[in-house]
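These are my notebook entries on one model, written down in the sequence in which I looked things up.

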Amino acid sequence: MKRKAVAAVLTAVMVASMFTGCGSDNGSSSAKSASAASAASAANDTVDEDGKVNGIMYQEGLPLVDEGDYTFSIFCDDSSESGEFIMLDEFKKQTNVDVDLKIYPYETATERLNLDLNSGDYADVIGGWTLSDNAILTYGVNQGVFIPLEDYFEKYCPNISAILDLPGVREKMTAPDGHIYTIPYVCGDTTVGYSPYINTKWLENVGMSMPTTTDEFEAVLKAFKEQDANGNGDASDEIPFSTDPNNKHIEAMAGYFGLPMNKLGIAIQDEKVVYGGVSNTYREFLSWFHKLYADGLVDVELYTQDSSTWEGKGNQDLYGVSIAYGSNEFTGIPAAEERGDFDSMPVLNTDKGGIWLRDTEGFSVYRTQAVITNKAEHPEIICRWFDNAFALENGIGCNRGPVGVIVNKEDDGYHAIDTTTLSEEDQEKYSWGNLWPQSLPKYLPVDFEFVEEHPMYDEKKATEEAYEANLTKEIIPSYWIDLDKIDTFSDTNTAIKDFFEQQQAQFVCGELDIDNDADWQAYVDGMYSLGLEDWVATQGIEEIAK
């Protein structure tokens, strides 16, 4: 009830401010106070002698509140070492709202979030990659821990409302009960997400060409292992193949055998959505990949290392090939005007049906990136805070760097400077990871482009162009779970996901024999016993591939 009352007060303040015109500050403040007092009286809220409602002096524009009046907490995952972000400081200056950021590494964030939710001691806002559809349905639709936001968006958030009105966005964001529980995160995206990057300098050093088949790829990895591919005088420190610990995506390479899969085992086959995680094609891929592992061609820490270990080895030039979103994630080498030592490895076996999974249609809608919980005393202020973050120049700041520092506005558009001209200290200060917690929603129009005076080599664009001819025509769509299946889906989804990942690791590492029919059948039977058929039905999957 108090939440509705405060919202009514804020509406009164905003309406009153539209009629105060350009009068003096005192007149405007008086009008706001009077409107607030009237609305608060009707709602039985408290207005102090300064005109503050329940301790908050509401503002129609910026700042949102008087300095020191309001603080809210955000839980999120991020790899930042400092936990300090340029744009959070900027938003504090703009809004007078303080943010208590509770930030955890991705590897521990999910466990910590579960502990917080189970204990009841959770933040005002929960954001990041730790959330899921199942969490929205469980804690939003069923339990009311996450609150509906569509009314706040409609009343106070023009930027968010415009995003929701983009084609298909509102529909994707709306949960089965008709409510929207999350802050939208819509961005231009690449058609190819995680993919293998290969060290072309190593290829040159061992006298090999870019592989085009799985046999050629295996031969390249053997050359990387047996020769001094990195040229440091030690022929034993090379790691032919590795992958991002948090986004392994090795099952995507089942596409080399004709069945491109995502990390849940969902695949595209003959332009239909199928489940591929128990198929003979997936088994064929695992048998091939296990052989690479058994021959010492795969990082022995593939399933045990964390991000810092993976990045540390990459920084030492120890990788011949690694799956990643971009090669700079593991090389530590910043973007440059020319391509570096790593290049996108092409889709293999294309002459035999090799194909890669198309990740997006050029933009993505993330509907589980940030929720407001029932702990928040003033969700309307939080919504307005995010709406301000989505204003164009703030979006530029979160994505590239502050306007007036890293980006300059000129008559022909927004010019991004060459950051290599900055001091080393400022290059670090304004680096992408220090701008904004990158697991939280941000926004730039999908068609927005910077004017680049010294364009950096666009590795992702090059990957898209190289892969386009060999991508699936379709993407894997996302479905909300039927409301009557929420309770059973949660446990089934977790069990199937965990079993799929655990068995994959055991087959790859040889703890289970992928070529032994009994071991494989036990895995398949295990998936079905966990409820695979029902799980597939809730995902909108057309069939289970054999």
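I began with the surroundings of His249 in this predicted model, and, setting aside the neighbours within four places in sequence, I found His249 in contact with Tyr194 and Ile323. I then looked up where His249 sits along the chain, and it is found in the loop between strand 6 (239-243) and strand 7 (266-269).

Is His249 buried or exposed? I noted a relative accessible area of 15% for His249, and because buried means under 20%, His249 counts as buried. I also checked the separation of His249 from Ser195: the two are 54 residues apart in sequence, while their C-alpha atoms are 7.9 Å apart in space.

Next I turned to a pair of helices, keeping in mind that two packed helices are described by the angle between their axes and the distance between the axes. For helix 10 (residues 214-226) and helix 11 (residues 280-294), I recorded axes that come within 11 Å of each other and cross at roughly 15 degrees. Angles under 35 degrees count as roughly parallel, so I entered helix 10 as roughly parallel to helix 11. The crossing in which helix 10 passes helix 11 is right-handed.

Which residues make the contact between helix 10 and helix 11? On the side of helix 10 I listed Thr214, Phe217, Glu218, Leu221 and Lys222, and on the side of helix 11 I listed Trp288, Lys291 and Leu292. Sorted by class, this contact of helix 10 with helix 11 has four nonpolar residues, one polar residue and three charged residues.

I moved on to the strands, with the reminder that strands of a sheet pair through backbone hydrogen bonds, either parallel or antiparallel. Strand 1 (residues 71-77) is mostly covered, since six of its seven residues are buried. Strand 1 and strand 2 (residues 98-104) run parallel and are joined by seven bridges; as one register point I wrote down Ser73, whose bridge partner in strand 2 is Asp100.

My last entry concerns an open sheet of three strands, in the order 13-14-15, with mixed pairing. Its edge strands are strand 13 (407-410) and strand 15 (451-452), each of which pairs on one side only. Between strand 14 (residues 413-416) and strand 15 I found pairing in the parallel sense over two bridges, and here I noted that Ala416 stands opposite Glu452 in strand 15.

Notes. Residues numbered from 1 in each chain as written. Predicted model: local features only at pLDDT ≥ 70, side-chain atom pairs only at ≥ 80, totals over all residues. Heavy atoms only, no water. Axes fitted to C-alpha atoms, helices over the stretch in contact; angles between N-to-C directions. Helix = DSSP H or I, 4+ residues; strand = E, 2+ residues; numbered from the N terminus. Parallel < 35°, antiparallel > 145°, perpendicular 65-115°, else oblique. Left-handed = near helix turned anticlockwise from the far one by under 90°. Contact = heavy atoms within 4.5 Å. Nonpolar A, V, L, I, M, F, W, Y, C, P; charged D, E, K, R; others polar. Pairing = 2+ DSSP bridges. Buried < 20%, exposed > 50% of the residue type's maximum accessible area, 1.4 Å probe, protein only.
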